[in-house]
Amino acid sequence: MFERFYGLSGSPFRLSPDPSFFYGSRGHRRASSYLQFGLYQGEGFIVLTGEVGAGKTTLIRSLLQQLESTKVIAAQLVSTQLDADSLLRAVATAFGLVVKDGDKAHLIAQLEAFLVSLVPKGSRALLIVDEAQNLAPEAIEELRMLSNFQLQNRALLQSFLIGQPELRLMMRSSRMQQLRQRVIASYHLGPLDADETRAYIEHRMKHVGWAGDPKFEDEVFDLVHSVTGGIPRRINTLCNRTLLAGFLSEKHQIGVRDVEEVISEFNREFGEPATEDHDLAITRADTGVLVKAAESMPAMNSGAPMVVAEPPNLINLERRIMGMERVISITVNLLRQVIGMKRSETVLEKRKVP
Ligand SMILES: Nc1ncnc2c1ncn2[C@@H]1O[C@H](COP(=O)(O)OP(=O)(O)O)[C@@H](O)[C@H]1O
Ligand SMILES: [Mg+2]
């Protein structure tokens, strides 16, 4: 919508994890090195965690693009509370096997035969399980069993477990002790810092041909960083809406006031306390309900899946935490100023003493 107005060749802040937009922040680069190191080992588990929207899926896609597809046969599955049996089936299907209705032993034999068949071709298998925090403990155990497959002392399958911070907690539990021993690299992907947030925004804008229209005031970047906590997905949502608002009011210069207006618009749309309907949606934890909510807000469909994809109570909590973070940072700055003033007063007084 706003692309033509700003002379852009595409939408800069889409929420799809498109690797062509990849920006290598320090965290993303380090995570990528860990993953590459892990891949090089060719066995065991590699664990990548991070907040929703931190860029895990984007990172994996960007890594996969760099891999030689004939050498590494990668299969991806997104876990939605898979139990042990359905996990095995999902793994087999993800590798392109035709799964017949058979018993578990048959399925395992089928998988093993497939993995062994890759060896003479000089290929190996990589299984990527996204949203792995949803795996049932029995399903994780099943994955561990798969990682036991070997041929002449060589592991036949390597797995990436990608997930939200809960995955880190899961991994620490005593039940996971055996799996932990097979983790050869793990990394927690943190948020972007303030400088990176600016570089990220500019990077995405330049990728669609931005040459300075609109112009962003310097302070805009700090505000976006503090409001989004440096999480790329939230940055995308906020910037997308800000550009839309800029276009609607035909602005070629975007300032702090403009971003603040968009933030209060978000707050007006989603800041109301949870109604009974909302509560119902949360207790049912039914994505269908939330999707329906999204459909009834046409303005948000293009701009803010971030908000609709999460239960309203989480959004409120997140917002409160972000508010608290802002208050803390303002307080710290004020305290610093007071300390600075006190120091200079002391220096002046000392100078006055004859
Ligand atoms: N390093 C990055 N470079 C470019 N875009 C990114 C980066 N990290 C995240 N994004 C963007 O943020 C959004 C969420 O990223 P995603 O990979 O889906 O997060 P996660 O899988 O951690 O929930 C996507 O729109 C993606 O394009
Ligand atoms: Mg993801």
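Okay, a quick definition before I start: when I say helix, I mean a DSSP run of H or I at least four residues long, and the helices are numbered from the N terminus. One caution too: this is a predicted model.

With that in hand, let's go to ligand 1. Helix 3, residues 56-66, and helix 11, residues 232-248, each put at least two residues into the shell around it. There are 20 residues around ligand 1, and the ones that come nearest are G55, K56, T57, T58 and P232. What's the chemistry of that shell? By residue type, we have eight nonpolar, nine polar and three charged. And where do these residues come from? Domain 1, which is 2-12 plus 194-329, and domain 2, which is 26-189, each give at least three residues to the shell.

Let me step back to the whole chain for a second. The protein chain has 354 residues, and 30% of them count as buried. In terms of elements, we're looking at 17 helices and nine strands. If you take the contacts with a separation of 6 or more, 76% of them are between residues 24 or more positions apart.

Now, strand 3. That's residues 124-130, and six of its seven residues are buried, so the rest of the structure largely encloses this strand. Who are its partners? Strand 2, residues 72-78, pairs with strand 3 in the parallel sense, over seven bridges. Strand 6, residues 157-163, also runs parallel to strand 3, and five bridges join those two. Have a look at L126 if you've got the model up: L126 is the bridge partner of A74, and L126 also stands opposite Q158 in strand 6.

Last stop, helix 6, residues 137-146. Which residues are buried here? A139, I140, E142 and L143 are. Looking down the axis of helix 6, those buried residues fall within an arc of 155 degrees, so they line one face of the helix. The general background is that an α-helix has 3.6 residues a turn, so residues three or four places apart point the same way. And what does that buried side pack against? Helix 4, which is 84-94, then strand 6, and helix 8, which is 177-180. Flip to the face of helix 6 turned away from the buried side, and you find the exposed residues E138 and M145.

So strand 6 turns up twice in this talk: strand 6 is bridged to strand 3, and the buried residues of helix 6 pack against strand 6. That's me done, thanks.

How values were computed:
Residues are numbered from 1 along each chain as its sequence is written. Chains are lettered from A and ligands numbered from 1 in the order in which they are written. This is a predicted model: local features need pLDDT of at least 70, side-chain atom pairs count only at pLDDT 80 or more; totals for chains, interfaces and linings use all residues. A residue is buried if 20 or more other C-beta atoms lie within 10 Å of its own, exposed if 12 or fewer, and partly exposed in between; C-beta atoms are placed from the backbone. Two residues are in contact if their C-beta atoms, placed from the backbone, lie within 7 Å. A residue is near a molecule or strand if its C-beta atom, placed from the backbone, lies within 6 Å of it. Ala, Val, Leu, Ile, Met, Phe, Trp, Tyr, Cys and Pro count as nonpolar, Asp, Glu, Lys and Arg as charged, and the others, Gly among them, as polar. Domain bounds come from an automatic or database domain assignment. Two strands pair if DSSP finds at least two bridges between them. The arc is that of the directions from the helix axis to the C-beta atoms.
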